Amino acid sequence: MKNSKVKINYIKNLANDWYKLDKVNFDYKTQKGEWQTQNRECYDRGDGAAILLYNSTKNTVILTKQFRMPTYLNANSDGMMIEVCAGLLDEDDPLTCIKKEAEEETGYQINNPTKLFEIYSTPGAVTEKIHYFIAEYSDEMKLGNGGGLASEHEEIEVLELNFNKAIHMISSGEIKDAKTVILLQYAQLNKLCK
Ligand SMILES: Nc1nc2c(ncn2[C@@H]2O[C@H](COP(=O)(O)OP(=O)(O)O[C@H]3O[C@H](CO)[C@@H](O)[C@H](O)[C@@H]3O)[C@@H](O)[C@H]2O)c(=O)[nH]1
Ligand SMILES: [Mg+2]
């Protein structure tokens with residue numbers, strides 16, 4: 001951390017259960033040169049990784065569908081979300097994490113994912129940075145059914161969708177997850193599928 005316009009005074013932990021919520025009290029030097037004291041609540045759930053699996057011959061992508069409580073609390077009527085495969089890094093590096101998540105959630109063993117970029121999804125409130133990947137998949141790479149870890153109460157449906165149908169699902173509102181939109185549009189822009 002190096003910004004001479006920022007001085008952190010103290011950090012008060014507000015919650016520390018599954019993840020961590022801190023209230024940060026800091027002084028910030030404005031463009032006029034005045035120091036202002038501010039508070040910001042910062043939710044720390046670690047970093048994550050996400051991957052779009054695509055098949056340029058079949059013109060398909062692999063997506064997942066699962067119940068997401070935070071969306072259920074905010075106008076997503078059945079709480080179900082269609083997303084690219086993703087997970088939290090926990091103790092792993094991003095590449096190890098995404099290969100593990102791909103196999104656990106989708107059943108595909110991916111050997112050489114391509115790293116694209118790192119993105120803060122909600123920079124005003126959440127510390128999380130997501131590492132984005134893509135990888136070509138083929139039927140031979142499918143080693144299992146995926147579905148996630150029963151021990152973590154994951155119940156993940158694996159969807160293999162035509163690429164154009166997936167793109168259409170963004171405008172129809174059936175896909176409304178930021179990381180999924182980012183990766184599908186990356187594939188469209190770079191003509192990974194037709
Ligand atoms: N008991 C308990 N379990 C939790 C809680 N929050 C999460 N979990 C468990 O932790 C698992 C985390 O699964 P991952 O596959 O590692 O993460 P994810 O939830 O799929 O993906 C998250 O990370 C993505 C990338 O960072 C995010 O984009 C996505 O929104 C999501 O939060 C969840 O399936 C769930 O079982 C909680 O508050 N309590
Ligand atoms: Mg996941």
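**Exercise 1. The core**

Which residues touch the most other members of the largest nonpolar core? Work it out, then say which elements feed that core.

*Solution.* A word on the ground rules comes before the steps. This is a predicted model, in which local features need pLDDT of at least 70 and side-chain atom pairs count only at pLDDT 80 or more, while totals for chains, interfaces and linings use all residues. Residues are numbered from 1 along each chain as its sequence is written, and chains are lettered from A and ligands numbered from 1 in the order in which they are written.

Step 1: get the terms straight. A nonpolar core here is a set of buried Ala, Val, Leu, Ile, Met, Phe, Trp, Tyr and Cys residues joined through C-beta atoms within 7 Å. A residue is buried if 20 or more other C-beta atoms lie within 10 Å of its own, exposed if 12 or fewer, and partly exposed in between, with C-beta atoms placed from the backbone.

Step 2: pick out the hubs. The largest core has 29 residues, and A50, I51, L52 and L53 touch the most other members.

Step 3: list the suppliers. At least two core residues each come from β4 (48–55), β5 (60–67), β7 (85–88), α2 (94–106), β9 (129–136), α3 (163–172) and α4 (178–189). The biggest giver is β4, with six residues. Helices (H or I, at least four residues) and strands (E, at least two) are DSSP runs, numbered from the N terminus.

Step 4: zoom in on L52. Not counting residues up to four places away in sequence, L52 touches V61, V84, I134, L183, L184 and A187. Contact means that two C-beta atoms, placed from the backbone, lie within 7 Å. As a rule, nonpolar side chains tend to be buried together in soluble globular proteins.

**Exercise 2. The whole chain**

Describe the overall layout of the protein chain, from element order to domains.

*Solution.* Step 1: count elements. There are four helices and 10 strands, and along the sequence they run β-β-β-β-β-α-β-β-α-β-β-β-α-α.

Step 2: split the chain. Domain 1 covers 6–44 and domain 2 covers 48–189; such bounds come from an automatic or database domain assignment. The C-alpha centres of the two domains sit 32 Å apart.

Step 3: add the dimensions. The C-alpha trace spans about 60 × 35 × 35 Å along its principal axes.

Step 4: look at burial and contacts. Of the 194 residues, 23% are buried. Take the contacts with a separation of 6 or more: residues 24 or more positions apart account for 57% of them.

**Exercise 3. Helix α2**

Check the length of α2, then find out what its buried residues pack under.

*Solution.* Step 1: do the length check. The expected span is 1.5 Å times one less than the number of residues. For the 13 residues of α2 that gives 18 Å, and the end C-alpha atoms are 17 Å apart, so the two agree.

Step 2: list the buried positions. In α2 they are P94, C97, I98, K99, E101, A102, E105 and T106. The cover over them includes β4, β5, β7, β9 and β10 (157–162).

Step 3: take I98 as the test case. I98 counts as buried because 26 other C-beta atoms lie within 10 Å. Leaving aside neighbours within four places in sequence, I98 contacts A49, I51, P113 and F133. The C-alpha atoms of I98 and G87 are 7.2 Å apart, with their positions 11 residues apart along the chain.

Step 4: step off the end. Just after α2, G107 takes a positive phi of about 90°.

**Exercise 4. Loops with positive phi**

Are N59 and A75 exposed or partly exposed?

*Solution.* Step 1: N59 sits in the loop between β4 and β5, with phi near 65°, positive in a residue other than glycine. N59 is partly exposed, since 15 other C-beta atoms lie within 10 Å.

Step 2: A75 lies in the loop between α1 (69–72) and β6 (80–83), and its phi is near 75°. With 6 other C-beta atoms within 10 Å, A75 is exposed.

**Exercise 5. Ligand 1**

Which residues come nearest to ligand 1, and what kinds of residue surround it?

*Solution.* Step 1: the shell holds 13 residues, and W18, G48, G87, L88 and E152 come nearest. Being near means having a C-beta atom, placed from the backbone, within 6 Å.

Step 2: β4 and β7 are the elements that give two or more residues, and β7 gives the most, with three.

Step 3: sort by type. Five are nonpolar, three polar and five charged, where Ala, Val, Leu, Ile, Met, Phe, Trp, Tyr, Cys and Pro count as nonpolar, Asp, Glu, Lys and Arg as charged, and the others, Gly among them, as polar.
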